[in-house]
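Here is a set of short exercises with worked solutions. Have the sequence and the 3D view open, try each task first, and then follow the steps.

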2 protein chains.
Amino acid sequence: MIVGVLGPAGSYSDKAAKGWIEKQGISDSSSLLYYDDISDTFSAVIEGKTEIGIVPIENSIEGSVGITLDLLLDSDVTIIGEVVVPIEHCLLSRGKMDDIRVILSHPQALAQCRQFIRTHFRNVEIRTTGSTSHAAKLANEFEEMAAIASKESAKAYGLNILMPNIQDRKQNHTRFIAIRKTDNETGETNTEDACTHKTSVIAYIGNDKAGSLYELLGEFAKRGINLTRIESRPSKRSLGDYLFYIDLEGSTSDAIIKDALYHIESRVSMLKVLGSYNGYQLDS
Amino acid sequence: MIVGVLGPAGSYSDKAAKGWIEKQGISDSSSLLYYDDISDTFSAVIEGKTEIGIVPIENSIEGSVGITLDLLLDSDVTIIGEVVVPIEHCLLSRGKMDDIRVILSHPQALAQCRQFIRTHFRNVEIRTTGSTSHAAKLANEFEEMAAIASKESAKAYGLNILMPNIQDRKQNHTRFIAIRKTDNETGETNTEDACTHKTSVIAYIGNDKAGSLYELLGEFAKRGINLTRIESRPSKRSLGDYLFYIDLEGSTSDAIIKDALYHIESRVSMLKVLGSYNGYQLDS
């Protein structure tokens with residue numbers, strides 16, 4: 001099985017993918033392909049270059065990864081699993097603290113270390129990269145450059161850890177999802193049906209937002225279905241027009257979930273079921 | 001009156017602030033102070049260096065401005081107005097299209113032009129700046145640099161507009177808010193009480209999210225109070241733990257809004273009323 005992830009090696013996505021593969025018990029038969037960004041990882045799945053893609057969807061400090069939410073809406077993919085990875089950002093460089101003139105990292109990592117950067121580096125230049133490990137790879141070129149990335153990246157690209165655990169909150173986790181191309185013939189959204197514990201959907205309510213979100217949530221509430229996440233995202237049609245990304249406990253193979261989604265479908269302009277799946281939590 | 005905004009001159013914040021000041025009819029007695037980032041603009045208000053701060057809170061393509069939401073939670077400020085500005089990003093440079101090796105802009109503007117950059121510039125370096133106008137200022141230094149910024153910035157920093165209107169959706173608006181330091185003696189959250197049309201609050205429900213968000217929305221729904229926005233944001237305590245930012249129609253001086261907020265307060269772990277205020281929409 002070929003799994004596509006945001007690379008190069010040493011990224012948190014790499015760690016998530018390796019963890020997911022190990023938990024699935026398919027280490028012997030799997031190989032990883034590294035991509036430059038999240039869009040390319042989605043494209044590889046859709047074009048059949050990889051069977052699975054592993055992409056970040058949410059961080060406990062900085063929130064949703066916008067591009068992943070947008071691509072889940074627009075792409076023909078199904079979520080088949082999730083893996084939660086503890087994130088410990090380090091400041092990595094070949095040089096010393098005083099040498100640093102440029103800090104490189106992925107925008108999410110920069111946002112997670114906003115206060116740290118503000119406190120220690122008021123006048124450095126900030127450059128964004130497609131991944132934290134790519135930042136580490138680039139920081140190897142000049143002593144005046146530092147990357148914000150994992151300790152695994154320090155090892156992979158020959159950098160020193162100038163400061164460990166620099167994110168603004170010590171508790172920092174990122175949730176990754178495993179996606180595969182949707183099987184449109186079966187319309188199947190489950191891997192193991194009755195054994196899956198979580199279902200993700202996107203609902204577009206349309207104009208009458210206030211009452212309708214309340215009514216939509218009511219369909220879950222009156223059936224005792226527990227929601228683990230509700231996230232709004234601009235529909236991009238106009239300001240104040242949103243999509244709602246909802247995670248709920250249970251599988252689309254459960255009668256009660258099926259019933260709730262059936263009733264919701266008639267209330268909203270659009271309902272997309274992203275999949276039912278199980279999750280893992282990795283150790284740091 | 002001194003108004004603080006994200007600078008330098010030519011930023012969309014600058015446009016928002018000038019628009020807001022004009023609509024307030026206080027052009028003659030107002031002056032602008034420019035700050036390097038959103039945090040500094042908040043700090044200036046809290047420390048009394050400026051009476052008002054104008055900061056972006058939400059964009060119709062890329063969604064909420066995370067740092068503004070976080071600072072609204074943590075700072076002793078009140079929202080006293082809003083202004084919606086049409087956003088037309090341009091690609092600005094002293095050089096030609098083929099010269100460009102580096103693109104500079106604010107992370108939100110880069111995200112709003114993600115597809116444009118992907119289509120035209122697969123191998124350029126992306127650097128982030130504190131504002132779009134700062135990007136334009138820097139792009140003046142080298143022909144190989146381009147900034148994504150407003151047409152006003154092109155004029156201000158002597159750059160050519162290589163391509164106009166480059167954001168991924170032609171309809172693109174950003175909502176800015178006017179903040180001032182909260183008057184803790186009166187606890188007052190209104191400027192003109194009964195004349196204000198919109199109220200913003202932050203609610204932290206705590207652990208039992210599913211049922212409780214439903215019940216919270218019910219307090220508005222059963223009183224016929226229209227919600228214009230619901231946005232979740234990580235509480236930063238743990239993955240899956242959220243704050244909800246809610247905008248509603250009406251003023252905290254309305255009895256029905258007061259009653260709804262009173263009942264919500266007893267249901268949630270934390271309720272912060274950010275203010276009741278009016279809004280303006282600027283022309284392009």
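Helices (H or I, at least four residues) and strands (E, at least two) are DSSP runs, numbered from the N terminus. Please keep in mind that this is a predicted model.

**Exercise 1. Find the cis peptide bonds and say where their prolines sit.**

Solution.
- Step 1: Start in chain A, where the peptide bond from Gly7(A) to Pro8(A) is cis, its omega being near -5 degrees.
- Step 2: Place the proline. Pro8(A) belongs to the loop between strand S1 (2–6) and H1 of chain A.
- Step 3: Turn to chain B. The bond from Gly7(B) to Pro8(B) is cis, with omega near -5 degrees, and Pro8(B) is found in the loop between strand S1 (2–6) and helix H1 (12–24) of chain B.
- Step 4: Put this in context: most peptide bonds are trans.

**Exercise 2. Divide chain A into its domains and describe how domain 1 of chain A meets domain 2 of chain A.**

Solution.
- Step 1: Mark the domains. The assignment for chain A gives domain 1 (2–86 + 172–181), domain 2 (90–163) and domain 3 (193–281).
- Step 2: Take the distance. Between the C-alpha centres of domain 1 of chain A and domain 2 of chain A there are 23 Å.
- Step 3: Count the residues in contact: 16 residues come from domain 1 of chain A and 15 residues from domain 2 of chain A.
- Step 4: Look at the area. The two domains bury about 1,100 Å² between them, with 51% of it on carbon and sulfur atoms. On the side of domain 1 of chain A, Pro8(A), Tyr12(A) and Glu62(A) lose the most area, together 41% of what that side buries. Pro8(A) is the proline of the cis bond in Exercise 1.
- Step 5: Add the charged and polar pairs. The count between these domains is 2 salt bridges. Glu62(A) also meets Arg114(A) in a salt bridge between their side chains (3.8 Å, N to O). Polar contact is found across this interface for 9 residue pairs.
- Step 6: Name the elements. On the side of domain 1 of chain A, helix H1 (12–24) and strand S4 (63–64) of chain A give two or more residues. The residues of that side divide into 6 nonpolar, 7 polar and 3 charged.

**Exercise 3. Which rotation superposes chain A on chain B?**

Solution.
- Step 1: Recall the idea: two copies of a chain are related by a rotation about an axis and a shift along it.
- Step 2: Read the values. The rotation is 180 degrees, the shift along its axis is 0.0 Å, and the RMSD is 0.0 Å.
- Step 3: Conclude. The two copies are therefore related as by a two-fold rotation axis.
- Step 4: Find the axis in your view. Arg127(A) comes closest to it among the residues of chain A, at 2.2 Å (C-alpha).

**Exercise 4. Describe the interface of chain A and chain B.**

Solution.
- Step 1: Count the contacts. Chain A brings 48 residues into contact with 47 residues of chain B.
- Step 2: Compare the surfaces. The copies meet through the same surface, because 98% of the interface residues of chain A are also interface residues in chain B.
- Step 3: Take the area. About 4,000 Å² is buried between the chains, and carbon and sulfur atoms give 52% of that. In chain A, Tyr214(A), Lys236(A) and Leu239(A) lose the most area to chain B, together 18% of what that side buries.
- Step 4: Add the pairs. There are 10 salt bridges between chain A and chain B, one of them joining the side chains of Glu62(B) and Arg233(A) (3.2 Å, N to O). The residue pairs in polar contact number 22.
- Step 5: Look for the element that gives the most. This is strand S13 (residues 227–234) of chain A, with 8 residues on the side that touches chain B. The residues of that side divide into 15 nonpolar, 15 polar and 18 charged.

**Exercise 5. Gather what can be said about Lys236(A).**

Solution.
- Step 1: Locate Lys236(A) in the loop between S13 and S14 of chain A.
- Step 2: Check its backbone. Phi of Lys236(A) is near 70 degrees, which is positive in a residue other than glycine. Most residues other than glycine have a negative phi.
- Step 3: Find its partner. Lys236(A) forms a salt bridge with Asp70(A), and the closest N and O atoms are 3.0 Å apart. Asp70(A) lies in helix H3 (residues 66–74) of chain A, and the pair links distant parts of the chain, 166 residues apart.

Methods:
Residues numbered from 1 in each chain as written. Chains lettered and ligands numbered in written order. Predicted model: local features only at pLDDT ≥ 70, side-chain atom pairs only at ≥ 80, totals over all residues. Heavy atoms only, no water. Domains from an automatic or database assignment. Contact = heavy atoms within 4.5 Å. Buried area = accessible area lost by both parts, 1.4 Å probe. Salt bridge = Lys/Arg side-chain N within 4 Å of Asp/Glu carboxyl O. Polar contact = N/O pair within 3.5 Å; in protein donor to acceptor, adjacent residues only side chain to side chain. Nonpolar A, V, L, I, M, F, W, Y, C, P; charged D, E, K, R; others polar. Least-squares fit on C-alpha atoms with pLDDT ≥ 70 in both.
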